[in-house]
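Biologist: Please show me the model, and then explain the terms you use for it.

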Amino acid sequence: MTYTKDELEKLETVKKQTIEILNNDWVVTCECGRRAHIRFFFKCLYCRQYYCYRCAEDHFGQTVQEYKEKKKERIRLLIVLKKYYEKKNKTQGRVK
Ligand SMILES: [Zn+2]
Ligand SMILES: [Zn+2]
């Protein structure tokens, strides 16, 4: 498998961050230079790189607030669907 220059740089960053986390008790440095415990960082699902709050918003193309809102909406939708199917199953049970 061949990598592009960008992909290789990304891999190097991920490698550096992983080594840093292991050697510095979960402290990691963002590409912008901010350092913090990884619990304050966000890991990208696709490139596996850790980003600080600010850079994560840029990288993921949405603010953390927006992400939380969307997550809440998804959960609300799931609850509605669950109730709908529970009701449907009950009704079907009665018919049989
Ligand atoms: Zn950053
Ligand atoms: Zn990414």
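Modeller: A residue is buried if 20 or more other C-beta atoms lie within 10 Å of its own, exposed if 12 or fewer, and partly exposed in between, with C-beta atoms placed from the backbone. This is a predicted model, in which local features need pLDDT of at least 70 and side-chain atom pairs count only at pLDDT 80 or more, while totals for chains, interfaces and linings use all residues. Residues are numbered from 1 along each chain as its sequence is written, and chains are lettered from A and ligands numbered from 1 in the order in which they are written.

Biologist: What makes the largest nonpolar core a core, and which residues are in it?

Modeller: A nonpolar core is a set of buried Ala, Val, Leu, Ile, Met, Phe, Trp, Tyr and Cys residues joined through C-beta atoms within 7 Å. Seven residues form the largest one: Val-28, Cys-30, Phe-41, Tyr-50, Tyr-51, Cys-52 and Ala-56. Across the protein chain, buried residues make up 9% of the 96 residues.

Biologist: Which residues is Cys-52 in contact with, leaving aside its neighbours within four places in sequence?

Modeller: Cys-30, Cys-32, Arg-34, Ala-36 and Phe-41. Contact is defined by C-beta atoms, placed from the backbone, that lie within 7 Å.

Biologist: How do you know what radius of gyration a compact globule of 96 residues would have?

Modeller: The rule is 2.2 Å times the number of residues to the power 0.38, and the radius is taken over C-alpha atoms. That puts a compact globule near 12 Å, but the protein chain has 21 Å. Its C-alpha atoms fill a box of roughly 60 × 35 × 25 Å along the principal axes.

Technical notes. Contact = placed C-beta atoms within 7 Å.
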